[in-house]
Amino acid sequence: MDLAPVIDGFGVVLQPENLLYCLIGVTVGMLVGVLPGLGPAATVAILLPITLTVEPVTAIIMLAGIFYGAQYGGTITSVLLRLPGEASSVVTVFDGYAMARQGRAGAALGIAAIGSFVGGTLAIVGLTFFAPFVASFALDFGPPEYTVLAILGILLVASVGSGTLVKALIAAAIGLLLATIGRDGFTGSERFTFDVLQLSDGIDFVPIAMGVFGLGEILYNLEERHKATKAPTKVTNVLPTRADLKQSSGAIGRGSVIGFFLGILPGGGAVLSSLAAYAYEKKRSANPERFGQGAIEGVAAPESANNAAATSSFIPLLTLGIPANATIAVIYGALLIQGVTPGPQLVDEHPDIFWGVVNSMYVGNILLLIMSIPAIGLFVKILQVRAAILAPITVLITLIGAYTIANSVFDIFLVCLFGAIGYLMKKVGLEPGPLVLAFVLGVLLETALRRSLILFGGDPTGFVTRPISGTLVAILVAVIAFPVIAKLWKSKTREKELV
Amino acid sequence: MTPEAEPESVEELVAQWEDEKSPAAGPVTNIATGALVALLGVAGVIGSRSLGLGSAAQPGPGTWPLIISIALIVLGLLLVVRARTAGFGEKFNVHSWGVLAGLASMIAFTLLIGNIGFEIPAALLAFFWLKVLGNESWRASLVGAVLMPVVFYLIFVTGLSTNIPHLF
């Protein structure tokens, strides 16, 4: 492996502008992790217009920082408010909150920060060596492989969501249909534009992401925030003791490895890996009854895992051009807007972007460690900021930002429209993630499919007979079959439990 | 908004999360959603046909939309059939009117911004969200309504020099 571009990547990171945007990114990420309401996908979507004003590498450094920074911040609400800020911090609440009740909130936060740092950093090292390998493998991919890969990515993301599969697939199909609006790339004929001039170039990704993720979430929170508030637990010393470190070092290591590998899977990501890491620690513990009562491993393992997963989930994006989760889908969109198509060629054609972004994560993780240990008091104070004050600020950033994309009032209307759609989707139980992901992949998928069909002379068995796409089809079938089998198995064991 | 009791154990904590969940919408919502999705699919099929379907060897502009539309019909009907087990959304509640009002305020903002710039609409929107939707005090709402447009002016007009329409 040629290390020169890796080293050059550090040169990119150390440029003052990139360092500044990295700092902004991780700080914003930490904030949205702490603050209730807006998640990382919504925040990244809302800030998309700002990224248009800077270089692609700078933009992605910032957006990536928001994503992995949110994993750090989410711990604070889990431990102090027994409220999982992000889905990936749910299991942290069990032991984190129990520790807080025993007056050990500081130790829980400290170990989570150290675990997050170790998990994140190990995953960057893994990413550095693993990603170019995957990319070189994918260089041979043609349209048929991309067709199967894109379908696989959408299915995986749909199948691990919090809702049911049917609903996730509906959301994905709507996303794909939205992507067909505008001029057909092959024939030039207009599709579903209803003679609206602004639609002839298709709907831009930015208003969809800003609306469905950003405004949709803001509107939904208007309803949610009328619930009871919680008073945060007091924090004193965040430095874990030597005994704490000794007790959790194994859990941190194992959590990092589990997180790294699960994070690579599209859809796997941070949520699944934190659950898996927690379950594994509990299983291998000599006294599993401690879990849920304030076992420090129960905080260390999932927090290390979700950070490792957040980092490794960049692998499918940077090497295959397939986003692994909702937030990464928005980052993918941001790259496309900047004229950079992520895929196997990225590492060769844009080494500055590839290594700049990857190496910026080292800096980001160090900054986050500083924010999470010495500067934690600041972020704990932020817990007291009221949602009612934040809401109009985020609304105005979104609406004004929407205008600045193309200096068009029509785009603000689109954002409002998709905001309403995003809210309604949440109300009827449709997840916005698969819609946005499918929309992003829609054009790629259609182009690849049509090219493949022309290549095969209309014979769809061509997908199976080509070695690589055939293998991918086999994985696809396994992905579809797995939940069905798992469900059968689950219902059987449940029957046994009842007996 | 009152602070709630502290749960003593993980079980109590999980129970508390369950209690805090908004009431679930029933299967009727799923049936309506499924039917709407299937109708969207039917409209998609009609639209795709008029675009030209082409053939498998020479796909036309309507081929891909047709495939998705058929998928929508199938998935929509599947949701109708499995309405009882497909997981529920949430019921609308009294605060849903606030959402509608919030949305209306954004549309009003959008309609005004092209004519009178962003400052006054932003102040009005901020005040509405703080006082009416957010139940903040008069003082906080007024301060916010003045401060927010000023800060946004400094960021978007003075700082980033975007072309956002402005009065001043």
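A trainee and a mentor talk through helix packing and empty space in this predicted model.

Mentor: Ground rules: this is a predicted model, where local features need pLDDT of at least 70, side-chain atom pairs count only at pLDDT 80 or more, and totals for chains, interfaces and linings use all residues. Residues are numbered from 1 along each chain as its sequence is written, chains are lettered from A and ligands numbered from 1 in the order written, and side-chain values use heavy atoms, with hydrogens and water left out.

Trainee: What makes α6(A) and α1(B) oblique to each other?

Mentor: Helix α6 (residues 90-101) of chain A and helix α1 (residues 10-20) of chain B pack at about 135 degrees, axes 10 Å apart. Axes are lines fitted to C-alpha atoms, for helices over the stretch in contact, with angles from 0 to 180 degrees between N-to-C directions. Under 35 degrees counts as roughly parallel, over 145 as roughly antiparallel, 65 to 115 as roughly perpendicular, and the rest as oblique. So α6(A) and α1(B) come out oblique. Their crossing is right-handed, the label used if the near helix is turned clockwise from the far one by less than a right angle.

Trainee: Which residues of α6(A) and α1(B) meet?

Mentor: A:Val90, A:Val93 and A:Phe94 meet B:Val10, B:Leu13, B:Val14 and B:Trp17, where contact means heavy atoms within 4.5 Å. By class that contact has seven nonpolar, no polar and no charged residues. Ala, Val, Leu, Ile, Met, Phe, Trp, Tyr, Cys and Pro count as nonpolar, Asp, Glu, Lys and Arg as charged, and the others, Gly among them, as polar.

Trainee: Why is α20(A) called roughly antiparallel to α4(B)?

Mentor: The axes of α20(A) and helix α4 (residues 96-116) of chain B come within 9 Å and cross at roughly 170 degrees. That angle makes α20(A) roughly antiparallel to α4(B). The residues in contact include A:Phe413 and A:Tyr423 of α20(A) and B:Leu103 and B:Met106 of α4(B). The class split there is twelve nonpolar, three polar and no charged.

Trainee: What is the handedness of the crossing of α21(A) and α3(B)?

Mentor: Right-handed. Helix α21 (residues 432-455) of chain A and helix α3 (residues 63-81) of chain B have axes that come within 10 Å and cross at roughly 115 degrees. A:Gly442, A:Leu445, A:Glu446 and A:Leu449 meet B:Trp64, B:Pro65 and B:Ile67. Five of these count as nonpolar, one as polar and one as charged.

Trainee: What makes something a cavity and not a pocket?

Mentor: On a 1 Å grid over the protein atoms alone, a cavity is a set of points where a 1.4 Å probe fits but cannot get out; a pocket is an open set with protein on both sides within 12 Å along at least five of seven lines, and lining residues have an atom within 4 Å of a point. That rule gives one cavity of 30 Å³ or more. The largest cavity has a volume of about 50 Å³, volume being the space filled by probe spheres set on the points, which are joined across faces, edges and corners. Its lining includes A:Met30, A:Tyr72 and A:Ser372, and the largest share, four residues, comes from α7(A).

Trainee: How much space lies in the second largest pocket, and what lines it?

Mentor: About 960 Å³, lined by 34 residues, with A:Ile174, A:Leu178, A:Ile421, B:Leu36 and B:Leu40 nearest its centre. The largest share of that lining, twelve residues, comes from α2(B).

Notes: Helix = DSSP H or I, 4+ residues; strand = E, 2+ residues; numbered from the N terminus.
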